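Subject: Structure handover

Dear colleague,

I am handing over the structure we spoke about, and below it you will find my notes on what turned up in it. Please read them with the model open beside you.

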Amino acid sequence: MGTAASTGRIAALTGPETVEVKEFDLPDVGPGAVLLAVRRANVCGTDVHQWHYESAVLREAGLGHEFVGEIVALGEGVTTDFAGEPVAVGDRVVPVYYLTCHKCPPCLRSEFNLCQNGLAEWKVPPDVAPHFRSGFATHYYVFPGQFFYKVPDQVDDATVAGANCGLAQMLFVLDEVGIGAGDTLVVQGAGGLGLYAAAIAHERGARVIAIDAVPERLELARQFGATETVSLADFPDSPDRVKRVHELTDGIGADMVLEVTGVPASFVEAIDLARVGGRIASVGNLNADATVTMTPGLVTRKSVHIHGVLRYDPWYLHKAIAFLARRQHLHPFEAFSDRSFPLADVTEALRAGESRSVARVAIVP
Ligand SMILES: [Zn+2]
Ligand SMILES: [Zn+2]
């Protein structure tokens, strides 16, 4: 790697659980675009789903969307990031991994997180120029109009690598659904998303209770601001977990429940964990086929508010970087990616990411 390189490599999905690292000439950088050298990319749960061919849109695409890069070349007219900060070759930046077209029905309602054309470039096979549309690669092409922000020197790569997916999304979710001082937040799943949510809720003065099966993740949850944890080892049955959370909340239940497990049954449990009139954020369940048995009458009688939230408004990435600069010394953000692999070992990295034993694994090309 390095600014003198004339070719780059990218991990392309060529079949279910089949990844090929392909080499291409580095593209010319058009007006308004930016070429990055990828410094560090995290394996997110979504990457594992894509690897299993569960995303109909991203079957022929490159893998990886959670990363930090360094500017290699600036297209004509690019002098600042999307917060007006001057940028130059060598600066570290993080891009928003999807596009906002400003023309589709959600964009016209200013619901930029739901842009229907958000994956218009990412879904294009890497064989097509400019090739580098995803993060498990030596390089990444930031398209004109694609939001990106400069990373301040004091925030290191391991800390910021998860900003453009997990952290920005959790800041958006907690704003959309609402969490404040004195509220109790129950986080179902203490993976990357759950730990970020705990840290944000902690800063806002909320009390955080984390539920997970993995002891190391519950220990991390405490380091990220959870004051109580509920282990699936101690409470394997849902009614017992619900009872435990009600004990911890004076019999009331949680003001807000955040589902970031991706386990369909968690959605049903969230309704039981929430207080009467409480709020539920459904974030982790993305599978369009998984089903579950539930009691709609309980939603009505408890008057819980259920919010499904996808992605984030692009400027939340700027808030995420500021959050890290402000809070990075209070929580071990760098512990998020505690194992790293070279780009050639992307399949091993995906397997390790799937094992759920660690919060995140990283690819360092
Ligand atoms: Zn992600
Ligand atoms: Zn749009």
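A network of salt bridges links Arg39, Glu70, Arg92 and Asp157, and I begin there, with the reminder that this is a predicted model. Within that network, Arg92 and Asp157 form a salt bridge whose closest N and O atoms are 2.7 Å apart. Because Arg92 lies in strand E5 and Asp157 in helix H3 (residues 157-160), the pair ties together parts that are 65 residues apart in sequence. As for their surroundings, Arg92 is buried, with a relative accessible area of 12%, and Asp157 also counts as buried, at 15% relative accessibility, since the cut-off for that class is under 20%.

The search of the whole structure gives 17 salt bridges, and two further ones deserve a description. In one of them the side chains of Asp127 and Lys22 meet, at 3.0 Å from N to O. Here Asp127 belongs to the loop between H2 and E6 while Lys22 belongs to strand E2, so this pair ties together parts that are 105 residues apart in sequence. The two partners fall into separate classes of exposure: Asp127 is partly exposed, with a relative accessible area of 46%, whereas Lys22, at 18% relative accessibility, counts as buried. In the other, the side chains of Glu203 and Arg326 meet at 2.7 Å, again from N to O. That pair links distant parts of the chain, with Glu203 in helix H5 (residues 192-203) and Arg326 in helix H10 (residues 316-327), 123 residues apart. Glu203 is partly exposed, with a relative accessible area of 28%, and Arg326 is likewise partly exposed, with a relative accessible area of 48%.

Turning to the metal site, the zinc ion (ligand 1) is coordinated by Cys44 through SG, His65 through NE2 and Cys165 through SG, at 2.0 to 2.2 Å. Along the sequence, the donor residues of this zinc ion are spaced C-x20-H-x99-C. Cys44 sits in the loop between strand E3 (34-43) and helix H1 (45-51), and His65 in the loop between H1 and strand E4 (66-74), so these two donors tie together parts that are 21 residues apart in sequence. Both Cys44 and His65 are buried. I would read the list of donors with some care, because water is not among the atoms and sites may therefore look incomplete.

Some points of backbone geometry should also be checked by eye. Most residues other than glycine have a negative phi, and most peptide bonds are trans. Against that background, a cis peptide bond joins Ala129 and Pro130, with omega at about 5°, and Pro130 is found in the loop between helix H2 (105-108) and strand E6 (139-142). His102, a residue other than glycine, has a positive phi near 70°; His102 is placed in the loop between strand E5 (92-95) and H2 and is partly exposed, with a relative accessible area of 46%. Glu17, also a residue other than glycine, has a positive phi near 55°. Glu17 lies in the loop between strand E1 (7-15) and E2, and its relative accessible area of 39% makes it partly exposed.

Glu17 returns when one looks at the surface, where it gathers with Glu54, Asp289 and Glu354 in a patch of negative charge. Of these, Glu354 is found in helix H11 (residues 346-354) and, at 35% relative accessibility, counts as partly exposed. The surface also carries a nonpolar patch formed by Leu114, Leu286 and Leu310, which together have about 250 Å² of accessible area. Leu286 in that patch lies in the loop between strand E12 (274-282) and helix H9 (296-302).

One last item concerns Asp25, which lies in strand E2 (residues 18-25) and is exposed, with a relative accessible area of 56%. Asp25 and Asn42 are 17 residues apart along the chain, and their C-alpha atoms are separated by 24 Å.

With best regards

Technical notes: Residues numbered from 1 in each chain as written. Chains lettered and ligands numbered in written order. Predicted model: local features only at pLDDT ≥ 70, side-chain atom pairs only at ≥ 80, totals over all residues. Heavy atoms only, no water. Patch = residues over 30% accessible without salt bridge, like charges linked within 9 Å, V, L, I, M, F, W, Y side chains within 5 Å. Areas by Shrake-Rupley, 256 points an atom, 1.4 Å probe, with all protein chains shown as cover. Salt bridge = Lys/Arg side-chain N within 4 Å of Asp/Glu carboxyl O. Lys, Arg positive; Asp, Glu negative; His and termini not counted. Charge placed at Lys NZ, Arg CZ, Asp CG, Glu CD. Helix = DSSP H or I, 4+ residues; strand = E, 2+ residues; numbered from the N terminus. Buried < 20%, exposed > 50% of the residue type's maximum accessible area, 1.4 Å probe, protein only. Donors = N, O, S within 2.8 Å, 3.2 Å for Na, K, Ca; no water.
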